[in-house]
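This report covers backbone outliers, a helix pair and annotated spans.

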Amino acid sequence: MNAINRLAAVVSLASLLPLSALAAEPGTVEVTHWWTSGGEKAAVDTLRKQIEQDGFVWKDNAVAGGGGAAAMTVLKSRAVAGNPPAAAQVKGPDIQDWGALGLLTNLDDVAKANDWDALLPTKVADIMKYDGHYVAVPVNIHRVNWLWINPQVFAKAGAKVPTTLDELFAAADKLKAAGFVPLAHGGQPWQDSTVFEDVVLSILGPKGYHAAFVELDEKTLTGAQMIEAFSTLQRLGTYMDPNRAGRDWNVAAAEVINGKAGMQIMGDWAKSEWTAAGKIAGKDYECVAFPGTQGSFAYNIDSLVMFRLKDENDIKAQNDLAKVALEPAFQTVFNQNKGSLPVRQDMDMGPFDACTQKSAADFKAAEQGDGLQPSMAHNMATSLAVQGAIFDVVTNFLNDPKADPAKAVKQLDSAIKSAK
Amino acid sequence: MSTIAVLNKASPLDALQRWLPRLVLAPSMLIVLVGFYGYILWTFVLSFTNSSFMPSYKWVGLAQYARLMDNDRWWVASKNLLLFGGMFIGISLVVGVLLAVLLDQRIRREGFIRTVYLYPMALSMIVTGTAWKWLLNPGLGLDKMLRDWGWEGFRLDWLVDPDRVVYCLVIAAVWQASGFVMALFLAGLRGVDPSIIRAAQVDGASLPTIYLRIVLPSLRPVFFSALMILAHIAIKSFDLVAAMTAGGPGYASDLPAMFMYSFTFSRGQMGMGSASAILMLGAILAILVPYLYSELRSKRHE
């Protein structure tokens with residue numbers, strides 16, 4: 001009996017503890033994201049530390065897997081249940097979809113207090129707005145149209161760093177003759193489409209790219225240049241490892257790093273692999289714009305959308321997160337780890353490496369003209385349904401050596417039409 | 001008097017006893033009704049709407065089904081299912097029966113051998129898929145090993161060949177399931193009356209004839225159970241493909257379950273995904289209903 005009494009006392013005391021903690025607890029900010037790889041996790045930790053320093057509680061809701069598909073499923077079910085997190089990693093046109101559901105909060109006050117209109121490039125700011133109001137905060141800008149080169153391999157094969165598609169094929173031939181895999185690549189639909197998108201940007205130019213993937217213009221999609229883009233993609237496929245099916249992008253990147261392959265076509269997140277391997281940009285590896293896309297910048301912007309909350313303290317915490325995400329301290333650490341470009345335009349680029357500095361200069365140049373284009377392969381240009389339709393056609397085409405480019409453009413057009 | 005008192009005393013308990021089975025069954029019944037049939041109904045409704053990345057209830061009739069019929073990937077997935085399902089069920093049955101008959105010959109160490117064949121069933125399809133992905137990968141598996149051993153001309157690149165990748169799925173699935181079929185048939189074989197076999201032997205029938213004409217035909221119910229189990233493993237196959245090929249190369253090894261998941265959850269085409277789910281359900285019912293019908297009818301005859 002005595003023991004039971006004592007136990008009861010302990011239990012009731014224990015149950016009091018979290019209660020008292022709750023009463024004094026400041027606002028909580030819960031973030032759903034899939035930044036789970038080594039570098040990304042370090043980046044998120046800086047955000048958490050900053051939030052905790054400001055006196056709020058950070059509740060991590062990291063959902064790994066499926067390139068965010070798993071996290072999206074969690075987010076959808078929570079939103080349907082009326083219990084969304086404070087912030088979630090949602091980007092591009094999806095922000096508009098969530099906005100249309102009426103679930104997002106209005107960040108205009110935070111934006112005004114911190115002068116986002118001046119800090120952010122107009123095109124970036126527009127993506128973050130629904131119906132003219134800020135509903136999301138951008139955290140970085142990725143450039144997709146990069147070519148990563150191992151200079152040691154190039155030197156051994158006697159190849160030259162390419163600036164045009166013809167030079168790219170010349171270099172690939174040299175690499176092949178010297179016994180290297182010319183082009184490291186992983187056979188996954190999004191990787192196939194990343195290469196295709198760069199080829200389209202190179203052959204059709206930024207205006208043609210815009211007509212094809214943003215306006216989904218039928219004439220452009222079935223035109224002669226698009227046929228040329230498909231045959232170029234097919235030719236590039238002959239320089240890839242035939243056993244690439246299902247390979248992850250970082251495994252392909254490792255082939256270039258280890259000197260098995262000469263180059264890789266991949267966005268600037270590939271840099272995090274080089275950094276993790278202890279390599280230095282400009283010395284151990286080269287980054288150049290994908291041949292023929294100099295002056296263009298296919299962007300992929302990660303952002304956090306903010307959901308409408310009820311609790312007064314939680315809203316304070318949420319606003320703090322929105323503010324901190326754009327502060328230079330976080331922008332520097334986060335983007336150094338992710339390999340991307342800070343979204344703020346007033347940042348000191350000194351601490352960044354040669355590749356990011358080049359990226360920043362190219363971004364400013366591309367912003368002046370038509371060069372700045374949303375990435376199709378990374379869900380910035382179209383709805384998920386249209387993107388999926390393009391993925392299916394492209395990946396099927398690249399994996400069939402006998403595929404006919406003239407037929408592929410017709411398939412592309414009809415697939416997009418039925419997905420619209 | 002006394003009897004009435006006893007009755008009065010017992011009646012609440014009696015009522016409880018009468019209600020107890022229902023009370024105990026109610027929660028699981030509710031879960032099945034809502035979580036199973038309720039959601040089938042919801043999926044059915046969604047397949048007639050224009051639901052995109054969230055459910056919506058704008059009625060579009062059969063438009064989603066029409067889009068599905070127009071989708072090349074759906075047809076690839078369906079053809080793959082026919083090919084995969086047919087071969088998987090056929091080969092598993094043949095291999096399973098063969099193993100069972102061989103094991104039935106009163107051999108030594110039968111228990112040990114039986115366990116060896118049955119063990120793959122203890123693995124999840126994810127593990128099977130991953131292991132076979134490595135084995136069949138031309139860059140690091142059997143292909144590379146045999147060539148490193150000096151067999152230069154050897155080439156086993158089915159896993160990266162869009163026309164043959166389905167056979168890789170069949171190999172892995174058969175490896176996993178045939179031991180289980182063997183166990184089913186072995187149990188059936190042990191139930192066959194030995195006097196029948198002895199009688200046939202007296203009549204001068206050879207061993208293969210006895211098995212083919214007498215023993216196996218008497219195992220019809222076992223055959224049907226095995227067929228049912230294998231058929232539904234084939235139709236709902238998802239984990240094996242996800243682990244082994246992720247539908248690739250391209251979408252050459254896609255199966256309907258993979259298609260459904262990707263369209264419903266990652267592509268924001270919930271309406272079309274639901275339509276494909278309903279068609280899959282239809283396929284399962286087409287197999288299940290005649291079976292259940294015959295089962296229930298034969299029960300009534302007894």
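## Positive phi in two loops

Arg106(B) has 6 C-beta neighbours inside 10 Å and therefore counts as exposed (exposed: 12 or fewer other C-beta atoms within 10 Å of its own; buried: 20 or more; partly exposed: in between; C-beta atoms are placed from the backbone). This residue sits in the loop between α3 (72-103) and α4 (110-118) of chain B, where helices are DSSP runs of H or I, at least four residues, numbered from the N terminus. Its phi is positive, near 50°.

Leu216(A), also not a glycine, has a positive phi of about 55°. It lies in the loop between α10 (189-213) and α11 (218-221) of chain A, and is partly exposed because it has 19 C-beta neighbours inside 10 Å. Most residues other than glycine have a negative phi.

## Basis of the model

The model is predicted: local features need pLDDT of at least 70 and side-chain atom pairs pLDDT 80 or more, while totals for chains, interfaces and linings use all residues. Residues are numbered from 1 along each chain as its sequence is written, with chains lettered from A and ligands numbered from 1 in the order in which they are written.

## Helices α10 and α12 of chain A

The axes of α10(A) and α12(A) (residues 224-237) come within 8 Å and cross at roughly 165° (lines fitted to C-alpha atoms over the stretch in contact; angles run from 0 to 180 degrees between N-to-C directions). The two helices are therefore roughly antiparallel (angles over 145 degrees).

## Annotated spans of chain B

An unreviewed UniProt entry lists transmembrane regions in chain B, including residues 81-103 and 210-235; such annotations may be inferred rather than shown by experiment. Residues 81-103 are 100% helix, with end C-alpha atoms 31 Å apart. Residues 210-235 are 85% helix and 0% strand (strand: DSSP runs of E, at least two residues), with end C-alpha atoms 34 Å apart.

Conventions. Angles under 35 degrees count as roughly parallel, over 145 as roughly antiparallel, 65 to 115 as roughly perpendicular and the rest as oblique.
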